[in-house]
Each structure stands twice: as structure tokens, then as C-alpha cells.
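User: I would like to go through this protein and its ligand step by step, with a reason given for each answer. Please start with whatever definition is needed, and then take the questions in turn.

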Amino acid sequence: MPKVLVIGGAGYIGSHVVKALLQSQYSVRVYDDLSSGHEINLFANAEFIKGDILDYPSLNEAMKGIDAVVFLAAKKAVGESMINPEKYAVNNIVGSVNVLNAMAENEVKAIVFSSSAAVYGIPQYVPMDEKHPLNPLNFYGFTKVETERLMQWYDALKGIKYTSLRYFNAAGYDADGDVKGKDKEPQNLLPILMEVVTGKRDFLQIFGNDYDTRDGTCLRDYIHVTDLATAHVLSIKRLLEGKESLIVNLGTGTGTSVKEIVIAAEKVFEKNIPVKYAERRSGDPAVLLASNETARKELGWEPKYTNIEDIIRTFAKIY
Ligand code: UFG
């Protein structure tokens, strides 16, 4: 079977991707510096190299004998990217250059890249398809746009085919409990809410209840991480069949509000979840919703988790 290098394979999404690749009989090598990933997320039947994408010689060595790359390693805190853009420029842009250069040097011709709905900025229409204009509101989103552009050039000049997966709101954990690493410093709604459920926090802050939505709170498209992982496997398979480069949104196409998330979690965990209303968080669009037609048509992908309660239930595996 082809050998896949998963860069960032010890992280939240990466470890789910590794599991899915192994289940599909791919041979897997993980490259991760464990800065935010977890050693307990490593699978015994995948090779592991501890290394940083900024260490070119080490990355180049890891690329030997590889047929395709899944590239997830990046900094991902939107707020921090606005305060410390230098860190994001180096890790997310220079890091991407290193990955593409190491691929070119070793003649690896296929890459699946972790992009984000953050490339779009404030929606001009919803659901958003891949043709929606790119106007990132934050530096994090800008680094994703830049890597997509780099990949376009390396496709044209070096024949490296890519699939850029623009994730909407990743959520949940492996239903078998095989991925064990919790988010170290949660910034996103669901891991924060889980800390309220487990008593680590006293209440959940809801940022804004005066949005133009059905209940005043923001609507997001929550997609289960195992469904995301499946899309990576389908993308690798498609690229190794010699298909053209592709950009794909990954979402369910359904919106859930912050209040609806709280109600669903209260039902799943049979607990009252205390909330406090706070000011709007800057840069939050009222609604983010994906059109997933490209994923369905080009990848033959379909989300298995379409019910928010089922997604939330999978957090109980590790919290
Ligand atoms: N929220 C709260 N309270 C919290 C945390 C979040 O009310 O304590 C709200 C936010 O205001 C937002 C919703 O919950 O309305 C979801 O927020 P997240 O931080 O979980 O997710 P975002 O939609 O802001 O961010 C996600 C990804 C980013 C990506 C962005 C845009 O996590 O990586 O979508 O695509 F950049």
C-alpha cells in the first residue's frame, strides 16, 4: 500500500486522520513536534518521527519513501494570530514552503492540506461554496490563503497535485475512544463547554445574543472530526489515482446556534449548563455555513454525523 506522511499526525484532527488511513490499509509515518499534539495520540502501527516543519533537514529525511502527504501542522489560534503575526507567518507560511520544497526534492506528487473556512471572512452569501471570494478577517486565515496559493504554483511548476480541505467547525472525538489527547488550552466553543460539563469551569460565556439569527446567537456548521478524517482518506486515494488538484469545503451544510449547542449538551449529559451572556467577540460572523456539494461530487464523501447530539455525545469518550 502507498505510504502517507502525516505532518501534524499527533494533533486533534491529525490523529483521527491517522486512524482512518490505517483502517484503509495505508502505511503511515507521522511527523510531529508534539508542541500541541499528544504522544498518547500516536498509533502503535504508524511510524513516528519527532520533528519540526521549520527543521528542513529533518523534514527532508522524513519525506524519503513517501507517496503522499497530509499536511496539518500549523498554529491555529485566530486571536493569537492577530497579536503575534510573526509566529503565524513563520510556522504557517515558511512551514508550508518547507513542506512543498521537501516534496519537490523527493518527488512526492500529492498533498492534502488543512485549510479553513477562515479563508472566506464575512460571508457574502450562505451556504458558501468554494467560489466564494476570499477575504480573510484574521492573519490565521491569510496564512491558509497563502498556502493555497503556494500549492497552485507548485502544481503548475513542480507537478505537485493538491487537495485543499477547507474545514468548517471541527467537533467531537473518535467514537471508539482511540484518540485520547484533550485540547491543552481550549479556545473553541465545544471543548470549553465540556470543561463546564466536567466542572472545570463554572459557566459558559456566550459571545453575543443580538445577532440576526433565529435565537440571536451565532450559527456554525459543526462537522464531526471522523467525517473530516474520512475526507482526507478519500482525497489521498483520488490524488494517487492521478486526478487534478481540488479545493473542497467540509461541513454538513446545517447550522447550529450557540444556544442550540447548549440545549443539546444539556440533553446529552442530563445536566444544567450555566451560561452568562457577554459582548460579541470581534470578528465573529453571524452565520458560517458550508455548501458541501464539491465534497459529495468529487470525493464521494458524505457526513455520517448529521445530528448535533450525536456529535456532542462523542466528547464523553475523553472528558
Ligand atoms: N463561542 C461562545 N463562547 C465561547 C467560545 C465560542 O459563545 O466560549 C461562540 C463564538 O462566538 C462562535 C461559536 O461559539 O459564535 C463558535 O466559536 P468557535 O471559537 O468554536 O469557532 P469559530 O467559528 O470562531 O472558529 C472556527 C475555527 C477556526 C476558524 C473559524 C472560521 O475554530 O479555526 O471557524 O472558519 F478560523
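Analyst: A residue counts as buried under 20% relative accessible area, as exposed over 50%, and as partly exposed in between. These cut-offs are applied here to a predicted model.

User: Is Q152 buried, exposed or partly exposed?

Analyst: Q152 belongs to helix 5, which covers residues 139-158. Its relative accessible area is 40%, and a value between 20% and 50% is neither buried nor exposed by the cut-offs. Q152 is therefore partly exposed.

User: How far apart in space are Q152 and L246, C-alpha to C-alpha?

Analyst: In sequence, Q152 and L246 are 94 residues apart. In space, the distance between them, taken from C-alpha to C-alpha, is 9.9 Å.

User: What does the radius of gyration of the protein chain say about how compact it is?

Analyst: The protein chain contains 10 helices and 13 strands. For 319 residues the globule rule gives 20 Å, and the radius of gyration of the chain, 19 Å, is close to that, so the chain is as compact as a globular protein of that length. Along its principal axes the C-alpha trace spans about 55 × 40 × 40 Å, and of the 319 residues the share that counts as buried is 55%.

User: Which side chains have an N or O atom 2.7 Å from an oxygen atom of the ligand?

Analyst: The ligand is surrounded by 20 residues, the closest being L189, Q205, R220, R281 and D284. Q205 uses its backbone, with an N or O atom 2.7 Å from a nitrogen atom of the ligand. An oxygen atom of the ligand lies 2.7 Å from a side-chain N or O atom in R220, and the same distance, 2.7 Å, is found between a ligand oxygen and a side-chain N or O atom of R281.

User: How much of the accessible area that the ligand has on its own does the protein cover?

Analyst: On its own, the ligand has 690 Å² of accessible area. Of this area, the protein covers 89%.

User: Which element gives the most residues to the shell around the ligand?

Analyst: By residue class, the shell divides into 12 nonpolar, five polar and three charged residues. Domain 1 (3-171 + 222-250) and domain 2 (189-220 + 253-315) each provide at least three residues of the shell. With three residues, the element that gives the most is strand 8.

Conventions:
Residues numbered from 1 in each chain as written. Predicted model: local features only at pLDDT ≥ 70, side-chain atom pairs only at ≥ 80, totals over all residues. Heavy atoms only, no water. Near = heavy atom within 4 Å. Polar contact = N/O pair within 3.5 Å; in protein donor to acceptor, adjacent residues only side chain to side chain. Areas by Shrake-Rupley, 256 points an atom, 1.4 Å probe, with all protein chains shown as cover. Helix = DSSP H or I, 4+ residues; strand = E, 2+ residues; numbered from the N terminus. Nonpolar A, V, L, I, M, F, W, Y, C, P; charged D, E, K, R; others polar. Domains from an automatic or database assignment. Rg over C-alpha atoms; globule rule 2.2 N^0.38 Å. Buried < 20%, exposed > 50% of the residue type's maximum accessible area, 1.4 Å probe, protein only.
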